Amino acid sequence: MVYLKGLRDGLPIGIGYFAVSFSFGIAGSKFLSWIWVTLISATNITSAGQFAGLQIMNDAAGTLIEMAIATFFINLRYSLMAISLSQKVKPSFGTVKRLLLAMGITDEIYAVSMSRKGRIRPLYFLGLCTLPYIGWTGGTMTGAICGEILPAFVTNALGVALYGMFIAIFVPPMKEHRPTLIAVLMAVALSFAFKYAPVLNKVTFGFAIIICSVVASLIAAYFFPVKVEDDE
C-alpha cells in the first residue's frame, strides 16, 4: 500500500517528464543513435544537466572534463535537496537505501516528498520515483526514435519545446525574486559575451557554461546573501 501511494503521487510527474524528455530525445537524435540518447536518460534524471552535456558532446572541442565540471555545478542543487530530505526520512531509510534511491531526487520529487506529512518511508519514495523514471526514459526513447524517422522541419519544431521548458522554470522565480532576476540576467550577458566577444568566443561551450554559472552565482551570493534568522 505504501508503494502504491508513492506510485499514485508520482503519476503526474511521470506524465510531465514524458513530455519534457521527448524534446530531449529529439535534440539528442540529431547526432546520437536512439539507444545512446535513451541510455543518457536512463542513467541521469536531470533535464538541465543532460542538455548541457548534450551540447558539450555536440561541440567538437568539448571534453569529458568540461562535461564533468559543468554537470557538477548544474546538478549541485540535488545535493542540497538530499541533505534536506534526509532529515525527513524514517530511520529504516538506511545508508544503502539512500544511496540506491538518491538518483531519483529531482525538483518535483523533492517537492512532493517534502510536502507529505510525516516521515518518508523507503517504499513510498521508491514508488514516487518509479513512474517519473519510466516517463523520463520512455519519453526520451520515443523522442529519439521519432527524431530518426521524422522530417527535419518537424524535429526542429518539436525541439523548441525544450527551450520553452527552461523559460517556464526560470520566469516565475525571476518575477517573484529580484536577486534571481539579476543573477539570470548576468548569466545571459556573460553567455552573449562568450558567444560574440573577441577572444571570449574562443572558449569552448562547456567551460563557457561553467564560468557563466559560477560567476553569476558568486556575484549574486555576495551582493544578495540569504538572511538567516537566529533562533531565539
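Both Tyr 17 and Trp 136 are buried in this predicted model, and these two residues make a good place to start. Their rings form an edge-to-face aromatic pair, with 5.6 Å from centre to centre and 75 degrees between the planes. The pair links distant parts of the chain, since Tyr 17 belongs to helix α1 (residues 2-28) and Trp 136 to helix α8 (residues 122-149), 119 residues apart. Across the whole structure, the search finds five aromatic pairs.

Another of these pairs involves Phe 72 and Phe 73. Here the ring centres lie 5.4 Å apart and the planes meet at 75 degrees, so this pair too is edge-to-face. Phe 72 is partly exposed, because its relative accessible area of 48% falls between the 20% limit for buried and the 50% limit for exposed residues. Phe 73, at 36%, is likewise partly exposed. A further aromatic ring, that of Tyr 124, has a charged neighbour: the charged end of Arg 116 sits over this ring, 4.0 Å from its centre.

Helix α5 (residues 76-86) offers a clear view of how one helix is placed. Its buried residues are Tyr 78, Met 81 and Leu 85. Viewed down the helix axis, these buried residues fall within an arc of 55 degrees, so they line one face of α5. A general feature of helices fits this picture: with 3.6 residues a turn, residues three or four places apart point the same way. The buried residues of α5 pack against α7 (107-115) and α8; α8 is also the helix that holds Trp 136. On the face of α5 turned away from its buried side, the exposed residues Leu 80 and Ile 83 are found.

Turning to charged side chains, the count comes to one salt bridge. It joins Lys 5 and Asp 9, whose side chains meet at 3.5 Å, N to O. This distance qualifies because the cut-off for a salt bridge is 4 Å. In general, side chains of opposite charge can pair when their charged atoms come close. Both residues lie in helix α1, four residues apart, or about one turn of the helix. Lys 5 is partly exposed, with a relative accessible area of 28%. Asp 9, with 21%, is also partly exposed, because buried residues are those under 20%. Helix α1 therefore carries both the partly exposed Lys 5 and the buried Tyr 17, the latter in its pair with Trp 136 of α8.

Key
Residues numbered from 1 in each chain as written. Predicted model: local features only at pLDDT ≥ 70, side-chain atom pairs only at ≥ 80, totals over all residues. Heavy atoms only, no water. Phe/Tyr/Trp six-rings, centres within 6.5 Å; stacked < 30°, edge-to-face > 60°. Helix = DSSP H or I, 4+ residues; strand = E, 2+ residues; numbered from the N terminus. Buried < 20%, exposed > 50% of the residue type's maximum accessible area, 1.4 Å probe, protein only. Lys NZ or Arg CZ within 6 Å of the ring centre and 35° of its normal. Arc of directions from axis to C-beta. Contact = heavy atoms within 4.5 Å.
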